[in-house]
Amino acid sequence: MNKTVLLDPVNHISRLITAAVLVMVLVSPVGAQAGPRSRPMDEDAALALLVRTLKHDHVYAKRISLDCVTYDTEETTNAYFQFALREKHDAKCGGDPETSPVVARYRVYRRSGKIDRWQPTDDSWHRYDPAKIR
C-alpha cells in the first residue's frame, strides 16, 4: 500500500515560519557576543577586561594579592584607556598608607580589546604577555 502525503500550503508556511524562528533563536547569542567588539568599549568594560585577564593569568599571584591593588585611570583617548595598578596600603594589606606605588601600567584598546603593558626599562609599550610578567 503506497500512501501519498500532500502538504497543504498553510502547513508548509507554518513549518517555514517555525524554522525561521528557530534559526533566529539559535543565531541571536552569536550576535550578542559579537556586539561589544563591534562598538568601542567604555572605561568600565575596559577595566573589567583588564582585571579579568590579570586574575585569569595569575600574573601577580606570587608578588601581590589583587585584593591589595587599586586601579587608576591615567589617560583616556579615542583609542585606549590607560590604567595604573597601585599598591593599596591599609591595615589589611600593610604598607605606608601615605603612599601607593605603581605596580604596573596597562593600556586597553577600545575597539580590539588588546592589552599593552608599559616596560619601564626601555620606556615603551609592549603587547601583554603573561609569561613575561610572572
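**Exercise 1. Which strand pairs with β4, and how do the two run?**

Step 1. Take the cut-offs. Strands (E, at least two residues) and helices (H or I, at least four) are DSSP runs, numbered from the N terminus. Two strands pair if DSSP finds at least two bridges between them.

Step 2. Apply them. Strand β4 (residues 115-119) is joined to strand β5 (residues 124-127) by four bridges, and the two run antiparallel.

Step 3. Pick out a facing residue. His126 in β5 stands opposite Arg117.

Step 4. Look at the turn. β4 and β5 form a hairpin with four residues between them. In that turn, Asp123 has a positive phi of about 50°.

Step 5. Add the side chains. Asp116 and Arg127 form a salt bridge, with the closest N and O atoms 2.8 Å apart. Asp116 lies in β4 and Arg127 in β5, so the pair ties together parts that are 11 residues apart in sequence.

Know what you are reading: this is a predicted model, in which local features need pLDDT of at least 70, side-chain atom pairs count only at pLDDT 80 or more, and totals for chains, interfaces and linings use all residues. Residues are numbered from 1 along each chain as its sequence is written, and side-chain values use heavy atoms, with hydrogens and water left out.

**Exercise 2. Set out the order of helices and strands along the chain.**

Step 1. Count. The chain has three helices and five strands.

Step 2. Order them. From the N terminus on, the elements run α-α-β-β-β-β-β-α.

Step 3. Check burial. Buried means under 20% relative accessible area, exposed over 50%, and partly exposed in between (1.4 Å probe, protein chains only). Of the chain's 134 residues, 26% count as buried.

**Exercise 3. How many salt bridges does the structure hold?** **Work through those on β1.**

Step 1. State the rule. A salt bridge needs a side-chain nitrogen of Lys or Arg within 4 Å of a carboxyl oxygen of Asp or Glu. The structure holds five.

Step 2. Start with Asp72. Its side chain meets that of Arg86 in a salt bridge (2.9 Å, N to O). Asp72 lies in strand β1 and Arg86 in strand β2, so this pair ties together parts that are 14 residues apart in sequence. Asp72 is partly exposed, at 30% relative accessible area.

Step 3. Go on to Glu75. Glu75 forms a salt bridge with Arg107, the closest N and O atoms being 3.9 Å apart. Glu75 lies in β1 and Arg107 in β3, so this pair ties together parts that are 32 residues apart in sequence.

Step 4. Compare burial at the two ends. Glu75 is partly exposed, with a relative accessible area of 29%, whereas Arg107 is buried, with 14%.

**Exercise 4. Find the disulfide and give its handedness.**

Step 1. Search. A disulfide is a pair of cysteine sulfur atoms within 2.5 Å. The whole structure yields one.

Step 2. Name the partners. Cys68 and Cys93 form the disulfide, their sulfur atoms 2.0 Å apart.

Step 3. Read the torsion. About the S-S bond of Cys68 and Cys93 it is about -85°, so the disulfide is left-handed.

Step 4. Place the ends. Cys68 lies in the loop between α2 and β1 (69-76), and Cys93 in the loop between β2 and β3, so the pair ties together parts that are 25 residues apart in sequence. Cys68 is buried, with a relative accessible area of 11%. Cys93 is partly exposed, with 24%.

**Exercise 5. Which residues have the most contacts inside the largest nonpolar core?**

Step 1. Define the set. A nonpolar core joins buried Ala, Val, Leu, Ile, Met, Phe, Trp, Tyr and Cys residues through side-chain atoms within 4.5 Å.

Step 2. List the hubs. The largest core has 20 residues, and those with the most contacts inside it are Leu50, Leu54, Tyr60, Tyr106 and Val108.

Step 3. Assign the elements. α2 (43-57), β2 and β3 are the elements that give two or more residues to this core. α2 gives the most, with four residues.

**Exercise 6. Classify the ring pair of Tyr80 and Tyr109.**

Step 1. Set the rule. Rings of Phe, Tyr and Trp (its six-membered ring) pair if their centres lie within 6.5 Å; planes under 30 degrees apart are stacked, over 60 edge-to-face, and the rest tilted. The count comes to three aromatic pairs.

Step 2. Classify. Tyr80 and Tyr109 are edge-to-face, at 5.5 Å centre to centre and 65° between the planes.

Step 3. Locate. Tyr80 lies in β2 (residues 80-87) and Tyr109 in β3 (residues 102-109), so the pair ties together parts that are 29 residues apart in sequence.
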